[in-house]
Amino acid sequence: MQALLELLPLVAFIVAYKAGGIYVATGALMAAMAVLLLVDWVRTRRIPPLHGISAALVFAFGALTLLLHDERFIQLKPTVFFWAVGIAFLASHWLGAKPLAQRLMSAAVGESLGQVARADWLKLNLAWVAFYLVMGAANLAVVSNYSQDTWVNFKVYGITAATLVFVVAQSLWLTRRAGPESAVAPGPEGRP
């Protein structure tokens with residue numbers, strides 16, 4: 001259910017784009033983000049940080065797009081989001097008890113969480129930093145070199161597919177790190 005709710009803004013954007021163009025899609029995206037935040041609040045009495053950041057950027061860049069009638073603002077929103085989140089992941093190396101990747105992906109390893117070494121969490125965290133840097137740059141490249149239709153397809157399908165593949169790969173890597181072989185710490189001679 002949560003995954004479907006998170007797709008609502010993306011679905012609203014693509015449907016509205018096909019029906020009425022970039023400005024209608026921008027308005028639909030803004031409305032869908034407001035609905036997502038409302039559902040978050042009603043269900044849990046809190047707004048997840050990533051939803052809050054994304055919504056703030058959608059509202060700001062969407063308003064600029066509509067007020068100035070300039071699509072470049074909404075096209076730059078993904079890059080700003082990716083790079084802001086990438087900076088947050090990087091900063092979490094030094095701020096807080098756990099890196100951001102550990103806080104967000106701990107559900108992937110369940111009870112084995114304590115068995116994943118901090119060094120592995122830090123590697124995972126850096127992988128997210130790199131992913132967000134690359135995705136932000138890719139968005140800029142598509143905006144600068146391709147048509148609006150191509151950018152919309154990249155935003156809706158390309159970014160979604162890349163994120164899904166990356167999350168699955170990260171989850172598999174993390175699950176292997178939390179496997180039973182790491183459950184027993186080796187003794188002084190390297191034996192359990």
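Within what distance do the axes of helix 4 and helix 7 come, and at roughly what angle do they cross? In this predicted model, the two axes come within 11 Å and cross at roughly 35°, and helix 4 passes helix 7 in a left-handed crossing. The contact is made from one side by Ile74, Gln75, Pro78 and Phe82 of helix 4, and from the other by Gln148, Trp151 and Ile159 of helix 7.

Helix 7 itself deserves a careful look along its length. Its 30 residues, taken at 1.5 Å a residue, should span 44 Å, and because its end C-alpha atoms lie 42 Å apart, the expectation and the model agree. Helix 7 nevertheless carries a kink of about 40°, which is centred on Phe154. Phe154 is also one of the buried residues of this helix, among them Trp151, Val152, Lys155, Ile159, Gln170, Trp173 and Leu174.

From helix 7 the description leads into the interior. In soluble globular proteins, nonpolar side chains tend to be buried together. Here the largest nonpolar core has 44 residues, of which Phe13, Phe89, Leu124, Trp128, Trp151 and Val152 touch the most other members. The elements that give two or more residues to this core are helix 1 (2-20), helix 2 (22-44), helix 3 (49-68), helix 4 (72-91), helix 5 (100-105), helix 6 (118-145) and helix 7 (148-177), with helix 6 giving the most, at 9 residues.

Leu124, one of the core residues that touch the most other members, offers a local view of the packing. Leaving aside residues up to four places away in sequence, Leu124 touches Ala101, Met105, Gln170, Trp173 and Leu174, and of these neighbours Gln170, Trp173 and Leu174 are buried residues of helix 7.

How values were computed: Residues numbered from 1 in each chain as written. Predicted model: local features only at pLDDT ≥ 70, side-chain atom pairs only at ≥ 80, totals over all residues. Heavy atoms only, no water. Core = buried A, V, L, I, M, F, W, Y, C linked by side-chain atoms within 4.5 Å. Buried < 20%, exposed > 50% of the residue type's maximum accessible area, 1.4 Å probe, protein only. Helix = DSSP H or I, 4+ residues; strand = E, 2+ residues; numbered from the N terminus. Contact = heavy atoms within 4.5 Å. Expected span 1.5 Å × (residues − 1). Bend = angle between axes of the 7 residues up to and from the residue. Axes fitted to C-alpha atoms, helices over the stretch in contact; angles between N-to-C directions. Left-handed = near helix turned anticlockwise from the far one by under 90°.
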